[in-house]
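Notebook open, model loaded. I want to look up how one helix sits and what lies beside it.

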Amino acid sequence: DSVEGGSKVTFVINIWAHFTPEPVHVYLTRIRAVRDAILRLHQRSPETLVVIKSANMALSTWYPERRPLAADLYLQADDWYSEDFNNIMRDVFSDTKAVFLD
């Protein structure tokens, strides 16, 4: 709440990658707190641009020879998790003036 905004200020938020090994409710708690902070920022400085970076589809875009071999990496970085977190993120931030960067 001490962050200043303005017409010449842009915030870029990328919040999903390190949450994929966590239960969804942990991620929801964190991004709801971020959403609330964005809403408060826009009450103070409505002209501030907030950009939300969407989730990357990681494993399906790698060349087969570059994909990790460890099974736990597939469980933590699977594209299905990325897609789920991306959909959750878009839903939670839908009531803000933030824009998405895909």
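I began with the exposed residues on helix H1: His25, Thr29 and Gln43 are exposed, on the other side of H1 from the buried set. Worth keeping in mind as I read on: this is a predicted model.

Next I listed what is buried in H1. I found Tyr27, Leu28, Ile31, Val34, Arg35, Ile38, Leu41 and His42. They cover an arc of only 145° around the axis, so they fall on the same side of H1. The spacing rule helps here: an α-helix has 3.6 residues a turn, so residues three or four places apart point the same way.

Then I checked the length of H1. The helix runs over residues 24–44, which is 21 residues, and at 1.5 Å a residue it should span 30 Å. Its end C-alpha atoms are 30 Å apart, so the two agree.

On to the sheet. I see an open sheet of three strands in the order S1-S2-S3, with parallel pairing. S1 (10–13) and S3 (99–101) are the edge strands, each pairing on one side only. From one strand to the next, I get an average twist of 30°.

I looked closer at one pair. S1 and S2 (residues 49–53) are joined in the parallel sense over four bridges. Val12 has Val51 in S2 as its bridge partner.

Last entry: where does H1 pack, and which strands does it touch? H1 packs on the sheet and touches S1 and S2. The direction of H1 makes about 160° with that of S2.

Conventions
Residues are numbered from 1 along each chain as its sequence is written. This is a predicted model: local features need pLDDT of at least 70, side-chain atom pairs count only at pLDDT 80 or more; totals for chains, interfaces and linings use all residues. Side-chain values use heavy atoms; hydrogens and water are left out. Helices (H or I, at least four residues) and strands (E, at least two) are DSSP runs, numbered from the N terminus. The expected span of a helix is 1.5 Å times one less than its number of residues. Buried means under 20% relative accessible area, exposed over 50%, partly exposed in between (1.4 Å probe, protein chains only). The arc is that of the directions from the helix axis to the C-beta atoms. Two strands pair if DSSP finds at least two bridges between them. Axes are lines fitted to C-alpha atoms, for helices over the stretch in contact, and angles run from 0 to 180 degrees between N-to-C directions. Contact means heavy atoms within 4.5 Å.
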